[in-house]
Amino acid sequence: MLPLVPDRTCGGCTECCRAIPLSLPELSKPTGRLCAYAVEDGGCSVHAIRPEACRTWFCLWRVVELPESWRPDRSGVILRPDGLIEGRITLHIERPSEFLGGDGFFLAVSQWMADGLHIAISVPGPVGTVPAIADATDYLRRAVEAGDPAGFLALLLRLLDSLSRHDFEPDGVVEHYAVK
Ligand code: SF4
Ligand code: SF4
């Protein structure tokens with residue numbers, strides 16, 4: 001597990017408890033369905049006995065020094081950790097928001113690209129389907145290298161629109177809850 005930013009907690013966020021599918025003997029829930037154990041203001045009603053997968057999966061907002069505005073329930077963006085070892089950051093964009101047009105978002109993505117990371121963009125489909133994902137590194141590079149936040153946002157929104165029309169495949173997860 002990646003080391004976490006000290007003194008940072010998930011607070012009221014439960015975005016991963018909705019976005020990430022689980023297929024475990026004790027807890028199975030499809031992509032995009034909020035886990036029935038999640039509580040309204042954030043947190044988990046079975047926290048002390050939650051599955052190992054829930055104890056060890058953290059979005060990169062818990063790992064990387066980024067402002068509070070990046071918390072996924074505020075930004076609408078979950079930074080997925082999978083792929084990081086291969087040099088890829090996946091921005092799972094739950095919902096387009098003004099956050100995507102902010103300088104902070106543009107500058108962070110620009111820095112990751114300057115660091116040599118690949119940028120993947122992922123969007124959710126209907127509940128119970130596998131998200132659509134595309135490597136957007138080369139696509140976004142010209143706006144990043146031009147230092148053009150408006151051009152970057154226009155490209156990103158066009159990509160999100162294209163991904164939203166993807167033929168989403170069912171994830172095949174059958175929901176059941178038996179944590180005890
Ligand atoms: S998405 Fe990140 S901040 Fe939100 S609950 Fe999951 S790990 Fe915590
Ligand atoms: S068991 Fe708790 S931590 Fe795990 S997905 Fe459900 S609400 Fe989230």
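Two strands count as paired if DSSP finds at least two bridges between them, and strands (E, at least two residues) and helices (H or I, at least four residues) are DSSP runs numbered from the N terminus. The views below show a predicted model, in which local features need pLDDT of at least 70, side-chain atom pairs count only at pLDDT 80 or more, and totals for chains, interfaces and linings use all residues. Residues are numbered from 1 along each chain as its sequence is written, chains are lettered from A and ligands numbered from 1 in the order in which they are written, and side-chain values use heavy atoms, with hydrogens and water left out.

**View 1. The open sheet of four strands.** The strand order is 3-4-5-6, and the pairing is mixed. Strand 3 (77-80) and strand 6 (132-135) are the edge strands, each pairing on one side only. On average, neighbouring strands of this sheet are turned by 25° against each other, direction ignored; axes are lines fitted to C-alpha atoms, for helices over the stretch in contact, and angles run from 0 to 180 degrees between N-to-C directions.

**View 2. Strands 5 and 6, with helix 4.** Four bridges join strand 5 (residues 118-123) to strand 6 in the antiparallel sense. Ala120 is opposite Asp135 of strand 6. Helix 4 (residues 103-114) lies across strand 3, strand 4 (88-93) and strand 5, and runs at about 155° to strand 4. Contact here means heavy atoms within 4.5 Å.

**View 3. The open sheet of three strands.** This sheet has the order 1-2-7 and antiparallel pairing. Its edge strands, strand 1 (22-23) and strand 7 (176-177), each pair on one side only. Strand 1 pairs with strand 2 (residues 27-29) over two bridges, in the antiparallel sense. Leu22 stands opposite Lys29 in strand 2.

**View 4. The surroundings of ligand 1.** Cys10, Cys13, Cys16, Phe58, Cys59, Trp61, Arg62 and Pro72 surround ligand 1; a residue is near a molecule if one of its heavy atoms lies within 4 Å of it. This shell divides into seven nonpolar residues, no polar and one charged. Ala, Val, Leu, Ile, Met, Phe, Trp, Tyr, Cys and Pro count as nonpolar, Asp, Glu, Lys and Arg as charged, and the others, Gly among them, as polar.

**View 5. The surroundings of ligand 2.** Around ligand 2 are Cys17, Leu22, Leu27, Cys35, Tyr37, Ala38, Cys44, Val46, Pro51 and Cys54. The shell around ligand 2 has 10 nonpolar residues, no polar and no charged.
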